[in-house]
Amino acid sequence: MKTYLLYGFISALAGAFSTLALYFLGFHSDPSKLSAAGWIGSLTGLVITSTCTALGVKARRDEWPAAEDSGYGSALWAGTLIAVVAALLSAIFSYAYYTVINPGFCDLMYQNAASKLEASGMSGDRLEKVEAVNRWMLSPVPQAVSVLIIVLVFGFLVSLVVAAVLKREAPDSPPLV
């Protein structure tokens, strides 16, 4: 269990550092930079998740004796547990980021979404309804829940690939010592 916790923690911590780097570089304070911040954050998240999952699955596989089967299911389970830990910790950080570190970020995202809706030609009653939903969806709790779900689903998808690559079948004959 320590392996899952360690690599899930490292993944969440690296993601938090990535978010903080974007914040300190000004990507989370300017509406014109939000799109770039999204791309940078997504690509960085892909690298972090893939690396931590692969290293964690490999570390877990290496904990098992070479004579035992450490196949696809075991590798997938290890990757999934790493993703669960990373998702829970990322959601906690996300909530803290939106409420303590950068409390104006949700308003910035809302203003960005509203300006895009107005630019698309939406107006009147329909715009007010959509803005009410956006205001709620772009608040800290729904954002933290969405981070939890996204990190969990994305981590599971990465685990599917990593498990296929890092599975280890038991040898047919016992190893010579």
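# Notebook: helices and a pocket

I began with alanine 83, which has its place in helix 3. The model is predicted, and I read every entry below with that in mind. Alanine 83 has a relative accessible area of 5%, so I put it down as buried, the limit being under 20%. Leaving aside neighbours within four places in sequence, I found alanine 83 in contact with Val151, Leu152, Gly155 and Phe156. I also looked up its distance to phenylalanine 154: the C-alpha atoms are separated by 8.2 Å, with the two residues 71 apart along the chain.

**Helix 6**

I turned to helix 6, which spans residues 140–166. Helix 6 has 27 residues and reaches 37 Å from its first C-alpha to its last, close to the 39 Å expected at 1.5 Å a residue. I listed its buried residues as Pro142, Gln143, Ala144, Gly155, Val158, Ser159, Val162, Ala163 and Leu166. These buried residues pack against helix 2, helix 3, helix 4 and helix 5, the last of these being residues 124–137.

**Helix 2**

Helix 2 covers residues 34–63, 30 in number. I noted a reach of 42 Å from first C-alpha to last, close to the expected 44 Å. Its buried residues include Ile48, Thr49, Cys52, Thr53 and Gly56. For the buried residues of helix 2, I recorded packing against helix 1, helix 3, helix 4 and helix 6.

I then checked threonine 49, which is found in helix 2. Its relative accessibility is 15%, so threonine 49 counts as buried. Its side chain reaches the backbone oxygen of glycine 45 at 2.8 Å. Not counting residues up to four places away in sequence, threonine 49 touches Ser11, Phe154, Gly155 and Val158. I see that Gly155 is also on the contact list of alanine 83.

**Threonine 3**

What does the side chain of threonine 3 join through a polar contact? I found the side chain of glutamate 63, at 2.3 Å. Threonine 3 lies in helix 1, residues 2–24. At 8% relative accessibility, threonine 3 counts as buried. Beyond four places in sequence, I have threonine 3 in contact with Gly56, Ala59, Arg60 and Glu63. Gly56 is itself one of the buried residues of helix 2.

**Largest pocket**

I looked up the largest pocket next and noted a volume of about 1100 Å³. Its lining has 42 residues, and Thr19, Gly41, Ser42, Tyr98 and Val147 lie nearest the centre. Which helix gives the most to the lining? Helix 2 does, with 13 residues. Helix 1, helix 2, helix 3, helix 4 and helix 6 each supply at least two residues of this lining. By type, I recorded 22 nonpolar, 19 polar and one charged.

**Glutamate 118**

My last entry is glutamate 118, in helix 4. Is glutamate 118 buried, exposed or partly exposed? Its relative accessible area is 47%, so glutamate 118 is partly exposed. Leaving aside neighbours within four places in sequence, I found glutamate 118 in contact with Leu127 and Glu131. I also looked up alanine 12, which is 106 residues from glutamate 118 along the chain; their C-alpha atoms are separated by 36 Å.

Notes:
Residues are numbered from 1 along each chain as its sequence is written. This is a predicted model: local features need pLDDT of at least 70, side-chain atom pairs count only at pLDDT 80 or more; totals for chains, interfaces and linings use all residues. Side-chain values use heavy atoms; hydrogens and water are left out. Helices (H or I, at least four residues) and strands (E, at least two) are DSSP runs, numbered from the N terminus. Buried means under 20% relative accessible area, exposed over 50%, partly exposed in between (1.4 Å probe, protein chains only). A polar contact is a pair of N or O atoms within 3.5 Å; within protein, one must be able to donate a hydrogen and the other to accept it, and residues adjacent in sequence count only if both atoms are side-chain atoms. Contact means heavy atoms within 4.5 Å. The expected span of a helix is 1.5 Å times one less than its number of residues. On a 1 Å grid over the protein atoms alone, a cavity is a set of points where a 1.4 Å probe fits but cannot get out, and a pocket is an open set with protein on both sides within 12 Å along at least five of seven lines; lining residues have an atom within 4 Å of a point. Grid points are joined across faces, edges and corners, and a volume is the space filled by probe spheres set on the points. Ala, Val, Leu, Ile, Met, Phe, Trp, Tyr, Cys and Pro count as nonpolar, Asp, Glu, Lys and Arg as charged, and the others, Gly among them, as polar.
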